[in-house]
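Here is a short tour of a protein model, written for someone who likes to look at side chains. Please have the structure open as you read.

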Amino acid sequence: MRHILAQGAFLIAMALATQASAQCYADYKAKQDNPLRLQYGLIELPASACGSVAEATRYAAPVIARSGWTLLQIESILTQAQFDARRANAGAIHLRR
């Protein structure tokens, strides 16, 4: 019985470790003032910011601000496949890391 529990715990730990290291992205809307400019972009998120829109917002706002933009909102958190599908719409200049 202990052996089965140990194997189960190991499998759960491996699954969580895989999820924690999974790369994710977010798509966002941002603005600049004077003159007003709007931007749609993508940002690569660390694993610690992949859990919710609020976590992604806390991470992304200062990253985007370094380029002179104000984050309006995170649209969604994306998997690698979703990121690949939306990448063409954002363009290389709007991919933040």
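Does cysteine 50 count as buried, exposed or partly exposed? With a relative accessibility of 22%, cysteine 50 counts as partly exposed. The cut-off helps here: buried means under 20% relative accessible area, so cysteine 50 at 22% falls in the partly exposed class. Please keep in mind that this is a predicted model.

**The disulfide**

The partner of cysteine 50 is cysteine 24, and the two sulfur atoms of this disulfide sit 1.8 Å apart. The structure holds 1 disulfide. It links distant parts of the chain, with cysteine 24 in strand β1 and cysteine 50 in the loop between β2 and α2 (53-65), 26 residues apart. A disulfide is a covalent bond between the sulfur atoms of two cysteines. The hand of this one can be read from its geometry: the torsion about the S-S bond of cysteine 24 and cysteine 50 is about -100°, so the disulfide is left-handed. Cysteine 24 has a relative accessible area of 6% and is therefore buried, whereas cysteine 50 is partly exposed.

**The overall layout**

Let us step back to the whole chain. The protein has 3 helices and 4 strands, and from the N terminus on these elements follow the order α-β-β-α-β-α-β. Of its 97 residues, 26% count as buried. Among contacts with a separation of 6 or more, 61% come from residues 24 or more positions apart. The accessible surface of the protein is about 6400 Å², and carbon and sulfur atoms hold 59% of that surface.

**The salt bridges**

How many salt bridges does the structure hold? There are 3 salt bridges, listed here with their N to O distances.

| Basic residue | Acidic residue | N to O distance |
|---|---|---|
| Arginine 86 | Aspartate 27 | 2.7 Å |
| Lysine 29 | Glutamate 75 | 3.9 Å |
| Lysine 31 | Aspartate 33 | 3.5 Å |

Take the salt bridge of arginine 86 and aspartate 27 to begin with. Arginine 86 lies in helix α3 (residues 80-90) and aspartate 27 in strand β1, so this pair ties together parts that are 59 residues apart in sequence. Aspartate 27 counts as buried because its relative accessibility is 3%, while arginine 86, with a relative accessible area of 29%, is partly exposed.

Next comes the salt bridge between lysine 29 and glutamate 75. Lysine 29 belongs to strand β1 and glutamate 75 to strand β3 (residues 70-78), so the pair ties together parts that are 46 residues apart in sequence. Lysine 29 is partly exposed, at a relative accessible area of 40%, and glutamate 75 is partly exposed at 32%.

That leaves lysine 31 and aspartate 33, whose side chains meet in a salt bridge. Lysine 31 is partly exposed, with a relative accessible area of 23%. Aspartate 33 counts as partly exposed, at 49% relative accessibility.

**A nonpolar patch**

Which residues make the nonpolar surface patch of about 330 Å²? The patch is made by Leu36, Leu38 and Leu72. Leucine 36 is placed in the loop between β1 (24-32) and β2 (37-45). Why does leucine 36 count as exposed? Its relative accessibility is 58%, and exposed means over 50%.

How values were computed. Residues numbered from 1 in each chain as written. Predicted model: local features only at pLDDT ≥ 70, side-chain atom pairs only at ≥ 80, totals over all residues. Heavy atoms only, no water. Patch = residues over 30% accessible without salt bridge, like charges linked within 9 Å, V, L, I, M, F, W, Y side chains within 5 Å. Areas by Shrake-Rupley, 256 points an atom, 1.4 Å probe, with all protein chains shown as cover. Salt bridge = Lys/Arg side-chain N within 4 Å of Asp/Glu carboxyl O. Helix = DSSP H or I, 4+ residues; strand = E, 2+ residues; numbered from the N terminus. Buried < 20%, exposed > 50% of the residue type's maximum accessible area, 1.4 Å probe, protein only. Disulfide = S-S within 2.5 Å. Contact = heavy atoms within 4.5 Å.
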